[in-house]
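Work through the exercises below with the model open beside you. Try each task before you read its solution.

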Amino acid sequence: MLTEHKIIIDSSKQMPELAEASIHLMVTSPPHPMIQIWDEQFCKVDPKIGELWKMLEANDREETVAQIYDAMHENLAKVWQETYRVLVNGGIACINIGDATRTINGKFRLFPNHARIIEHCEKVGFTTLPYVLWKKPTTKPKYKGKSAFLGSGFLPPNAYVTLDCEFILIFRKGSLRKFPAKDANRHDSKFTKKQRDAWFTQIWSLKGTRQIKSQLARRTAAFPEEIANRLIRMFSVKGDTVLDPFLGS
C-alpha cells in the first residue's frame, strides 16, 4: 500500500498545521517523566522545571519533588489536549509509557507515569480502554553480565520488583467510529484470526529495539516497529491519517 509521510519540526503542544478532527489514530511514545536522560529536555521545554530542580538541590523538600513531577506531566497533558482536538470522533490514541524508578533525597521510589497520563487524558475528555502491557525481556538490570535486582542479596524485606513492562495506554475520543455499510477500506484492512488472537491480548512479549550510545539515539523512542505496526493495523483502516506527535523512531 502506498503511504504518504509529512514531518513537522515544531512544538506538539500546539499543532495548528492539523485541522480539527483530521486525524484517525495517534501512536506515540513521549519523553518519560523522571527518567534522567529526559530531564534536560523537560527543562528546555519548560524553564520552570529547571528552576524547580535548582530549588530541590537547595532545600531537599519532598513537595519540590512532587512539583517537578506534576510540571512534567502538565507539559505532556498539553499534547494530549491537542491530540483530542485533532482526532475524529471515535479516533484512538495509543501512548507507550514506562513508569520510572529513581532515588531522590536519598529515597528510592516509583513514579507511576501511566497512572498520571490516564488521569490527564480523562480530564481532557478521553475514554480509557483496556491497555496492553509490553513485557521487555531485555530491560532487566545486569551486573557483570548476569541478571540482577535492586536489593540486598536474598534477604527480605528490602528488595524491589524489577520494572520489565511498559504500558501501551489506549484511549477513544467520543463514541464508536461509524462507517458506511460494506466500507471497502475497512474490509481491506481486516486482520486474520491468528493476528487478532495475538494482538488483542493484554501482554505482549517483544524485544525492545537496541539503543546505541549517541545522545540522539538514546532520546528517541526505542520501541520496535512491530508495536507501531500492530497498533496501526488494530485501530485504523486504509486511507486513515496516523499522527505521532513526538517523532518516535
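The exercises go from the whole chain to single residues, and the model is a predicted one.

**Exercise 1. The whole chain**

Task: State how many helices and strands the protein chain has, and what share of its residues is buried.

Solution.
- Step 1. Count the elements: there are eight helices and 10 strands.
- Step 2. Turn to burial. Of the 249 residues, 39% are buried.
- Step 3. Look at the surface. The accessible area of the chain is about 15,100 Å², and carbon and sulfur atoms hold 55% of that area.
- Step 4. Check the contacts. Among those with a separation of 6 or more, 79% join residues 24 or more positions apart.

**Exercise 2. The open sheet**

Task: Give the order of the six strands in the open sheet, then find its edge strands.

Solution.
- Step 1. Trace the sheet across: the order is β9-β5-β8-β2-β1-β10, with mixed pairing.
- Step 2. Find the edges. β9 (203-205) and β10 (242-243) each pair on one side only.
- Step 3. Zoom in on one pair. β2 (residues 87-97) and β8 (residues 165-172) run antiparallel and share six bridges. One residue of this pairing is Ile92, whose bridge partner in β8 is Arg172.
- Step 4. Add a helix. Helix α3 (residues 62-86) packs on the sheet and touches β1, β2 and β10. The direction of α3 makes about 150 degrees with that of β2.
- Step 5. Add another. Helix α8 (residues 225-235) lies across β1, β2, β5, β8, β9 and β10. Its angle to β1 is about 155 degrees.

**Exercise 3. A hairpin**

Task: Describe how β3 and β4 pair, and say which residue of their hairpin takes a positive phi.

Solution.
- Step 1. Locate the strands: β3 covers residues 100-104 and β4 covers residues 107-111.
- Step 2. Read the pairing. The two are antiparallel, with five bridges. Ala100 faces Phe111 across the pair.
- Step 3. Look at the turn. Two residues sit between the strands, and Asn105 has a positive phi near 55 degrees.

**Exercise 4. Salt bridges**

Task: For Arg102, Lys136 and Glu226, name the salt-bridge partner of each.

Solution.
- Step 1. Recall the principle: side chains of opposite charge can pair when their charged atoms come close. The structure holds 14 salt bridges.
- Step 2. Start with Arg102. Its partner is Asp39, with the closest N and O atoms 2.6 Å apart. Arg102 is in strand β3 and Asp39 in helix α1 (residues 39-45), so this pair links distant parts of the chain, 63 residues apart.
- Step 3. Test burial against the limit of under 20%. Arg102 has 13% relative accessibility, so Arg102 is buried. Asp39 has 11%, so Asp39 is buried.
- Step 4. Go on to Lys136. Its partner is Glu166, at 3.0 Å between the closest N and O atoms. Lys136 lies in the loop between β5 and β6 (142-143) and Glu166 in strand β8, so the bridge ties together parts 30 residues apart in sequence. Lys136 is buried at 11%, and Glu166 is buried at 14%.
- Step 5. Finish with Glu226. Its partner is Arg230, with the closest N and O atoms 2.8 Å apart. The two are four residues apart in helix α8, so about one helical turn separates them. Glu226 is partly exposed at 31%, whereas Arg230 is buried at 11%.
- Step 6. Note a network. Glu62, Lys107 and Arg109 are joined by salt bridges that share partners.

**Exercise 5. Two spots to inspect**

Task: Decide whether Ile7 is buried or exposed, then list what Lys135 touches beyond four places in sequence.

Solution.
- Step 1. Place Ile7: it is in the segment before β1 (23-28).
- Step 2. Apply the cut-off of over 50% for exposed. Ile7 has 63% relative accessibility, so Ile7 is exposed.
- Step 3. Find its patch. Ile7, Ile9 and Leu247 form a nonpolar surface patch with about 360 Å² of accessible area together.
- Step 4. Move to Lys135, in strand β5. At 32%, Lys135 is partly exposed.
- Step 5. List its contacts: Asp164, Cys165, Ile203, Trp204, Ser205 and Leu206.
- Step 6. Take one of these, Ser205. Its C-alpha atom is 4.8 Å from that of Lys135, though the two are 70 residues apart along the chain.

Notes:
Residues numbered from 1 in each chain as written. Predicted model: local features only at pLDDT ≥ 70, side-chain atom pairs only at ≥ 80, totals over all residues. Heavy atoms only, no water. Patch = residues over 30% accessible without salt bridge, like charges linked within 9 Å, V, L, I, M, F, W, Y side chains within 5 Å. Areas by Shrake-Rupley, 256 points an atom, 1.4 Å probe, with all protein chains shown as cover. Salt bridge = Lys/Arg side-chain N within 4 Å of Asp/Glu carboxyl O. Buried < 20%, exposed > 50% of the residue type's maximum accessible area, 1.4 Å probe, protein only. Pairing = 2+ DSSP bridges. Contact = heavy atoms within 4.5 Å. Axes fitted to C-alpha atoms, helices over the stretch in contact; angles between N-to-C directions.
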